[in-house]
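Please open the model in your viewer and keep the sequence panel beside it, so that each selection below can be followed from one stop to the next.

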Amino acid sequence: MPLYELVCISRSKMTQGSMKDLLKKSALTVLDRGGAVRGFVNIGREQPLPYRMRRHMEYHTHGSFWLMHYFSNPMTSK
């Protein structure tokens with residue numbers, strides 16, 4: 001199985017508990033599809049976004065960046 005690197009951006013104002021739940025849900029999604037999570041890397045909280053983004057009728061200018069490294073079958077990653 002090849003190693004994948006998923007780059008993610010989440011809201012910058014998330015609490016530590018919410019971020020923990022988000023990482024757990026991301027890992028469980030990979031595990032449920034037969035993959036294996038190698039780890040997470042926090043790139044930085046409160047980092048400026050490259051451009052202003054809108055989600056759920058709200059504009060965002062900062063975000064939390066993180067990586068997830070995981071092994072998965074290419075057919076299940078789709």
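Among contacts in the chain between residues at least 6 apart in sequence, what percentage join residues at least 24 apart? In this predicted model, the share of such contacts that join residues at least 24 apart is 68%.

**The whole chain**

Begin with the backbone alone, coloured by secondary structure: the chain has one helix and three strands, and, read from the N terminus, these elements follow the order β-α-β-β. With only the C-alpha trace displayed, the chain spans about 35 × 25 × 20 Å along its principal axes. If you then colour by accessibility, buried residues account for 27% of the 78 residues in the chain.

**The nonpolar core**

Next select Cys8, Met19, Val30, Trp66, Met68 and Tyr70 and show their side chains, since these six residues form the largest nonpolar core. Two elements, helix 1 and strand 3 (58–71), each contribute at least two residues to this core, and strand 3 gives the most, with three residues. As background to this stop, nonpolar side chains in soluble globular proteins tend to be buried together.

Stay with Tyr70, which is one of the core residues and belongs to strand 3. Is Tyr70 buried or exposed? Tyr70 has a relative accessible area of 12%, under the 20% cut-off, and therefore counts as buried. If you add Glu5 to the selection and draw a distance between the two C-alpha atoms, you will find 6.6 Å between residues that stand 65 residues apart along the chain.

**The salt bridge**

Now select Glu46 and Lys13, whose side chains meet in a salt bridge with an N to O distance of 3.8 Å. Which parts of the chain does the pair tie together? Glu46 lies in strand 2 (residues 36–55), while Lys13 lies in the loop between strand 1 (3–11) and helix 1 (16–32), so the bridge links parts that are 33 residues apart in sequence. The two partners can be compared with a surface display switched on: Glu46 is partly exposed at 38% relative accessibility, whereas Lys13 is exposed, its relative accessible area being 69%. A search of the whole structure finds one salt bridge.

**The largest pocket and His60**

Turn next to the largest pocket, which has a volume of about 290 Å³. Of the 13 residues in its lining, those closest to the centre are Ile9, Ser10, Arg11, Arg55 and His60, and this is a convenient group to select together. The lining draws at least two residues from each of strand 1, strand 2 and strand 3, and by residue class it divides into three nonpolar, six polar and four charged.

Keep His60 selected, a residue of strand 3 that is buried, with a relative accessible area of 18%. Leaving aside its neighbours within four places in sequence, His60 is in contact with Arg11, Leu49, Tyr51, Arg52, Met53 and Arg55. Between the C-alpha atoms of His60 and Ser10, which are 50 residues apart along the chain, the separation is 10 Å.

**Pro48 on strand 2**

Move then to Pro48, which lies in strand 2 and counts as exposed at 53% relative accessibility. Which residues is Pro48 in contact with, leaving aside its neighbours within four places in sequence? They are Thr61, His62 and Phe65. The C-alpha atoms of Pro48 and Phe65 are separated by 9.8 Å, and these two residues are 17 residues apart along the chain.

**The loop between strand 2 and strand 3**

Finish by selecting His56 and Met57 and inspecting their backbone torsions. Most residues other than glycine have a negative phi. His56, in the loop between strand 2 and strand 3, has a phi near 55°, a positive value in a residue other than glycine. Met57 lies in the loop between strand 2 and strand 3 as well, and its phi, near 60°, is likewise a positive value in a residue other than glycine. With the surface shown once more, His56 counts as exposed at 63% relative accessibility, and Met57 is exposed too, with a relative accessible area of 72%.

Definitions and conventions
Residues numbered from 1 in each chain as written. Predicted model: local features only at pLDDT ≥ 70, side-chain atom pairs only at ≥ 80, totals over all residues. Heavy atoms only, no water. Salt bridge = Lys/Arg side-chain N within 4 Å of Asp/Glu carboxyl O. Helix = DSSP H or I, 4+ residues; strand = E, 2+ residues; numbered from the N terminus. Buried < 20%, exposed > 50% of the residue type's maximum accessible area, 1.4 Å probe, protein only. Core = buried A, V, L, I, M, F, W, Y, C linked by side-chain atoms within 4.5 Å. Contact = heavy atoms within 4.5 Å. 1 Å grid on protein atoms, 1.4 Å probe; cavity = no way out; pocket = protein on both sides within 12 Å on 5 of 7 lines; lining within 4 Å. Points joined across faces, edges and corners; volume = space filled by probe spheres on them. Nonpolar A, V, L, I, M, F, W, Y, C, P; charged D, E, K, R; others polar.
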